[in-house]
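Visitor: Could you take me closely through one part of this model, and then show how the rest is arranged around it? I would like the pairing of strands as the starting point.

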Amino acid sequence: MSAELKIAPFTIPLQEVPTTASIAASTPEHSAAEKRAIIAEIKAELERQDAVLVAHYYTSADIQQVAEETGGYISDSLDMARFGNEHPATTLVVAGVRFMGETAKILNPEKRVLMPELKAECSLDLGCPADEFSAFCDEHPDRTIVVYANTSAEVKARADYVVTSSIAVKLIDHLAGEGHKILWAPDKHLGSYIQKVTDADMLLWNGSCVVHDEFKSRAVGNLLQQYPDAAVLVHPESPEAMLQLATVIGSTTQLIKAAQTLPNKHLIVATDNGIFYKMQKAAPDKILIEAPTGGVGATCRSCAHCPWMAMNSLDNLLSTLKKGNNEIHVDEEIRLKALRSTQRMLDFANTLEAE
Ligand code: 13P
Ligand code: SF4
C-alpha cells in the first residue's frame with residue numbers, strides 16, 4: 001500500500017519566513033556580567049511567581065541552562081507536555097514555539113501559560129490552516145485523523161489523535177493494526193517515513209519544516225567519506241534522501257539517547273543545532289558534526305537553527321515574566337475538543353511505558 005500525497009493548496013511564501021540570521025542580528029548582545037544579572041532576575045521572578053521554565057532543546061544554551069538551574073525542564077515536545085502537566089507550579093513558562101505553549105494550555109487550563117515570544121511560530125503549523133485542513137478532513141470521512149503536535153489548537157480539535165515524532169510510528173502501527181485508514185498532517189516527510197515503516201494506508205497533507213528541509217544528503221555523503229566511521233542521526237522531519245543515510249531516525253530525545261549509546265566517535269547530526277547543548281553533555285566523548293545545509297549565502301533560511309526558536313531570548317523571557325504578557329489563551333470549546341486528541345497521545349505514551 002503506498003501513501004497518497006495530497007498537495008495542499010497552501011504553501012508559506014518563503015519571504016514571510018524570518019531568517020535565523022535576521023533574528024540573531026536583532027537579539028541584544030550582552031557582556032558576561034549583564035547576562036548574569038538578567039539570569040539572576042529571571043530566577044528571582046520564577047520563584048516569586050511560582051513559575052517553572054519548560055524549554056525545548058532548540059532554544060539557546062542560555063535558556064536551557066536557566067531551566068536546568070531552576071528545576072525546570074528541557075526536552076522534546078512530548079515530554080515538555082508531560083512535564084508541564086505533572087508539575088505543581090501555577091505558571092508554566094514555555095520557551096519554544098507557539099504550538100508547545102498551546103499544548104500546555106490545552107492540558108492545563110487552570111495554569112497560566114506564558115511564552116517569551118508569541119510570534120514564535122512553526123512552518124508546519126503555518127502550513128496547515130484550520131479551515132482548509134477541516135475541509136480536507138470532510139472530504140475523507142472514512143479516515144482516522146492523526147496530526148503532529150506541531151499544529152494549532154484548532155487543528156488538534158479536528159483530529160482524532162495527536163502524536164509527536166517520538167511515538168508517531170508506534171501509534172500509527174497500532175491504529176493500522178486495528179484496521180484504520182489514516183489521514184496524516186502536516187509533515188509530509190514524517191508521514192511518508194511512518195507509512196514506509198508501518199505500511200499503513202495513509203493520506204498525507206503537504207507540509208514541511210523549513211529547518212529540516214534544508215539538510216543536504218549529497219553533502220552528508222561527502223562528509224561520510226571524510227569520516228567513514230561516523231553515525232548519522234536524523235530527525236524524521238528531514239527529506240527521504242537524508243533518512244536513507246541515517247543510522248538512527250528519531251525524536252530529539254531519541255537522538256540524544258542514540259548519541260550516548262552508539263559506539264561511533266563521530267556523529268553527524270541532522271536536526272536543529274540547538275540540540276548540541278544537551279547532546280554534548282549527554283555524550284561528552286563524542287565529536288558532534290552539524291549536517292550541512294545550503295549555507296548562509298545560499299538558499300538557506302535557517303542554516304540548521306529554527307528562526308522561530310531563535311526568537312526566544314533571555315531578554316524576552318525576563319520581560320514576559322515581569323509584565324505577565326504573552327499569555328497563551330485557547331478558546332474553551334476548541335480546547336475541550338483538542339484535549340480529547342491530545343490526551344489520547346499521553347494515554348498511548350503511558351501504555352508504551354508500561355509495556
Ligand atoms: P521533537 O518532538 O522531536 O522535539 O520535535 C519537535 C520539533 O519541532 C522538531 O522540529
Ligand atoms: Fe517547526 Fe521546524 Fe522549527 Fe521544529 S524546527 S519548530 S518543525 S519550523
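**A pair of strands and its surroundings**

Guide: In this predicted model, strand β2 (residues 51-56) and strand β4 (residues 91-95) run parallel and are joined by five bridges. Within β2, Leu53 has Val93 of β4 standing opposite. The two strands belong to an open sheet of four strands, whose order is β3-β2-β4-β5 and whose pairing is parallel. At the edges of that sheet are β3 and β5 (112-114), each of which pairs on one side only, and from one strand to the next the twist averages 20 degrees.

Just ahead of β2 there is a backbone feature to check. Most residues other than glycine have a negative phi, and most peptide bonds are trans. Asp50, although not a glycine, has a positive phi of about 50 degrees, and Asp50 is placed in the loop between α2 (32-48) and β2.

A wider view brings in the domains. The protein is divided into domain 1 (4-11 + 124-209 + 334-354), domain 2 (28-120 + 308-332) and domain 3 (212-290). The centres of domain 2 and domain 3, taken over C-alpha atoms, are separated by 27 Å, and the contact between these two domains takes 11 residues from domain 2 and eight residues from domain 3. On the side of domain 2 that touches domain 3, α3 (61-69) and β3 (73-75) each supply at least two residues; β3 is also one of the edge strands of the four-stranded sheet. By class, this side of domain 2 has five nonpolar, four polar and two charged residues.

A second open sheet is formed by five strands, again with parallel pairing, in the order β1-β9-β8-β6-β7. Because β1 (4-5) and β7 (161-163) stand at its edges with a single partner strand each, one side of each is left without a neighbour in the sheet. Inside this sheet, strand β6 (residues 144-148) runs parallel to strand β8 (residues 182-185), and four bridges join them. Val147 stands opposite Ala185 in β8, and the peptide bond that leads from Ala185 to Pro186 is cis, with omega near -5 degrees. Pro186 itself is placed in the loop between β8 and α10 (188-198).

Helix packing can be read in a similar way. Two packed helices are described by the angle between their axes and the distance between the axes. For helix α5 (residues 98-107) and helix α16 (residues 332-354), the axes come within 9 Å and cross at roughly 95 degrees, and α5 and α16 are therefore roughly perpendicular to each other. Their contact is made by Thr103, Ile106 and Leu107 on the α5 side, and by Arg335, Ala338, Leu339 and Thr342 on the α16 side. By class, the residues of this contact divide into four nonpolar, two polar and one charged.

Two ligands complete the picture. Around ligand 1 stand Asp76, Ser77, Leu78, Asn150, Thr164, Ser165, Cys209, His235, Glu237, Ser251 and Thr252, a shell with two nonpolar, seven polar and two charged residues. Ligand 2 has 13 residues around it, of which Cys122, Ser123, Cys209, Val211 and Cys306 come nearest; its shell divides into nine nonpolar, two polar and two charged residues. Cys209 is thus named in the surroundings of ligand 1 and also among the residues that come nearest to ligand 2. The shell around ligand 2 also draws at least three residues from each of domain 1 and domain 2.

Technical notes
Residues are numbered from 1 along each chain as its sequence is written. Chains are lettered from A and ligands numbered from 1 in the order in which they are written. This is a predicted model: local features need pLDDT of at least 70, side-chain atom pairs count only at pLDDT 80 or more; totals for chains, interfaces and linings use all residues. A residue is near a molecule or strand if its C-beta atom, placed from the backbone, lies within 6 Å of it. Ala, Val, Leu, Ile, Met, Phe, Trp, Tyr, Cys and Pro count as nonpolar, Asp, Glu, Lys and Arg as charged, and the others, Gly among them, as polar. Domain bounds come from an automatic or database domain assignment. Axes are lines fitted to C-alpha atoms, for helices over the stretch in contact, and angles run from 0 to 180 degrees between N-to-C directions. Angles under 35 degrees count as roughly parallel, over 145 as roughly antiparallel, 65 to 115 as roughly perpendicular and the rest as oblique. Two residues are in contact if their C-beta atoms, placed from the backbone, lie within 7 Å. Two strands pair if DSSP finds at least two bridges between them.
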